[in-house]
Amino acid sequence: MDKYSVLLVDDEEEVIHVIMRKINWEGLGFSVAGHANNGAKALEMVEEFQPDVVMTDIRMPFMDGMELSRRIKAEYPATKILFFTGFDEFEYAKGAVHLEVEEYILKPVNSVELTNVFTKLKIKLDQEISDKRNVEILQKYYMDSLPLLQANFYTSLIEGSILEEEIPGYLSDYQLSFSGPFFCCLVIHTSSSQVPADMNPLLLATSVHRQAKERLEEKWRAKCFSYLGNTIMISQLRTENEVSELTDECDRFCKYAKSIIGAVVTIGIGPVCDSVLALSQSFTGAREAVSYRVIYGAARAINIQEVVPGEILQPGLANDAEISNLFKTIRFGSENEVVQAADQYLKHTSYPNKSLQQHHVDMMELVSTLYRFALNNDISVADFSQDFRKLYSSLFDLEPAEFRKWLIDCSLFFREKLILARNRSNRSFVAKAEEYVRHNYGDEDLSLDRVCEVLGVSNSYFSSVFKKETGNSFIRFLTDYRMEQASQQLIGTNEKSYIIAKNVGYTDPNYFSYVFKRKFGVSPSKYRREHIVGED
């Protein structure tokens with residue numbers, strides 16, 4: 001079993017160093033991932049390292065241990081919490097049973113007691129992971145999966161093979177409820193190539209299926225079933241805007257699955273619809289969203305309405321497998337792969353004994369399908385419109401080599417336009433976020449959640465794109481911008497520090513001073529003295 005990571009949190013660094021020296025962490029099966037001297041800094045480190053255990057003091061500046069624990073349990077429920085505190089806070093801490101704290105340890109810390117605590121905690125963590133990976137439990141769960149009739153009904157819904165008048169009867173017979181009023185299809189894809197050494201891929205996918213049901217099914221009133229090797233969830237939303245929250249929760253689940261059971265999970269989220277009859281289109285979008293992992297990375301949630309906001313998601317643009325593969329390669333493949341896909345399509349259409357008339361029909365259908373693809377993806381075809389007209393009027397004179405060159409050129413043109421469109425879209429909403437910060441940095445409630453709500457995107461998608469485009473996290477950008485504004489006000493005005501702190505969005509002057517010093521290396525007052533003297 002791998003070592004479990006521990007984050008130590010106490011505003012007295014001497015206490016932390018004593019704990020680190022007193023305990024044989026490696027012998028107990030743990031490693032110290034880091035330490036923080038306040039709750040706010042600890043929360044940042046929890047997000048970065050996602051430790052298995054957080055051992056925290058109660059009374060600390062900026063954010064106390066109780067609030068830290070509450071935030072950790074809300075966002076990372078699998079993380080174990082240990083309190084170590086003074087005698088006068090012991091009863092207060094024990095009253096917080098809702099935080100599900102593992103243990104309460106009185107200061108001064110006793111090495112024997114601490115060793116016993118972590119020995120027991122190691123056993124508990126081992127058992128939890130063992131339960132999740134236990135082959136017999138997974139096999140039993142696999143045999144006890146959803147009833148066949150319900151699974152068949154869900155499958156028929158996403159395939160679009162149920163008539164509207166049939167739905168009430170199915171819901172009544174199978175005792176199902178689709179109260180909505182909005183619906184969204186999720187495709188939960190578990191990689192079969194990235195699997196822990198001691199795990200069977202099928203059992204791993206089954207474990208993911210079970211964990212997804214436990215963590216997502218109840219809150220989102222979801223219907224969960226297996227289809228074509230993936231887990232499918234039909235979630236129900238109260239408003240269309242809830243899809244952003246659903247996306248963020250799915251993204252946290254992907255990280256949880258990788259951390260706890262070693263599964264690389266990508267969740268595709270389809271467009272929101274207001275009818276169960278439209279779930280087939282939502283499923284098509286969710287399945288396509290999973291394919292975007294080649295661009296945005298696996299082990300995350302991908303909302304198709306965020307990555308392809310302008311595309312009209314329609315099933316069955318072409319029934320032919322080769323043309324579908326060509327479109328997929330245009331979206332995700334290299335130039336060489338696009339050429340190969342185009343050749344594969346042409347090879348498929350050039351079968352022997354085909355009439356000349358049928359050959360021309362195939363070519364015209366291809367041209368029409370490419371044209372619809374361009375329109376559905378908001379690609380201007382002005383440069384090719386003349387070619388389209390000429391192509392239709394000169395089918396009998398067009399030689400195979402000329403048609404191949406045209407198809408490849410057209411496909412590569414589409415590929416380039418899609419790449420440019422994605423980059424423009426990303427840069428656009430990053431610029432909007434930066435502009436929003438410049439106009440609202442003084443608002444103490446300005447946060448990642450607020451900006452994502454304004455932009456109408458999920459936290460996970462926004463955070464990944466913002467960091468990719470700027471090289472920094474949004475929180476770092478916001479903090480740096482506020483600090484730059486504070487530094488200008490310190491030099492250019494006579495306002496007191498607590499007024500400047502409020503001007504740049506900090507209600508706690510002490511925390512403002514802490515962040516300012518972390519940025520510039522000196523306190524606000526010393527920064528002002530140094531720069532005013534320097535100007536003189």
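These are my notebook entries on a predicted model, taken from the whole protein down to one sheet and the nonpolar cores.

**Entry 1, overall counts.** I began with the secondary structure and found 25 helices and 10 strands in the protein. I then looked up burial, and buried residues make up 48% of the 536 residues. For the surface I noted an exposed area of about 27300 Å², of which carbon and sulfur atoms supply 49%. I also checked how far apart in sequence the contacting residues lie: among contacts between residues at least 6 apart, 69% join residues at least 24 apart.

**Entry 2, the sheet.** In what order do the strands of the open sheet run? I read the order as E2-E1-E3-E4-E5, five strands with parallel pairing. Strand E2 (30-36) and strand E5 (103-106) are the edge strands, and because each has a single partner strand, one side of each is left without a neighbour in the sheet. Ignoring direction, I have neighbouring strands turned by 20° against each other on average.

I followed one pair further, that of strand E1 (residues 4-9) with strand E3 (residues 53-56), which is parallel and extends over 4 bridges. Opposite Leu-7 I found Val-54 in E3.

**Entry 3, helices on the sheet.** Helix H1 (residues 13-22) lies across E1, E2, E3 and strand E4 (80-85), and I noted an angle of about 175° between H1 and E2. Helix H3 (residues 39-49) also packs on the sheet, where it touches E1, E2 and E3, and its direction makes about 140° with that of E2.

**Entry 4, the nonpolar cores.** Which residues have the most contacts inside the largest nonpolar core? In this core of 38 residues, I listed Tyr-292, Val-307, Val-437, Phe-462, Phe-474 and Phe-512. The elements that give two or more residues to the core are helices H14 (304-307), H19 (400-440), H20 (448-455), H21 (459-470), H22 (474-492), H23 (497-503) and H24 (509-520). H22 contributes the largest share, with 7 residues.

I then looked at Phe-474 by itself, leaving aside its neighbours within four places in sequence, and found contacts with Val-437, Ser-447, Leu-448, Val-451, Phe-462 and Phe-466. Two of these partners, Val-437 and Phe-462, are also on the list of residues with the most contacts inside the core.

Last, I noted a second core, separate from the one above and made of 29 residues, among them Leu-237, Ala-263, Val-265 and Ile-269.

Key
Residues are numbered from 1 along each chain as its sequence is written. This is a predicted model: local features need pLDDT of at least 70, side-chain atom pairs count only at pLDDT 80 or more; totals for chains, interfaces and linings use all residues. Side-chain values use heavy atoms; hydrogens and water are left out. A nonpolar core is a set of buried Ala, Val, Leu, Ile, Met, Phe, Trp, Tyr and Cys residues joined through side-chain atoms within 4.5 Å. Buried means under 20% relative accessible area, exposed over 50%, partly exposed in between (1.4 Å probe, protein chains only). Contact means heavy atoms within 4.5 Å. Two strands pair if DSSP finds at least two bridges between them. Axes are lines fitted to C-alpha atoms, for helices over the stretch in contact, and angles run from 0 to 180 degrees between N-to-C directions. Accessible areas come from the Shrake-Rupley method with a 1.4 Å probe; for residues, only the protein chains shown count as cover.
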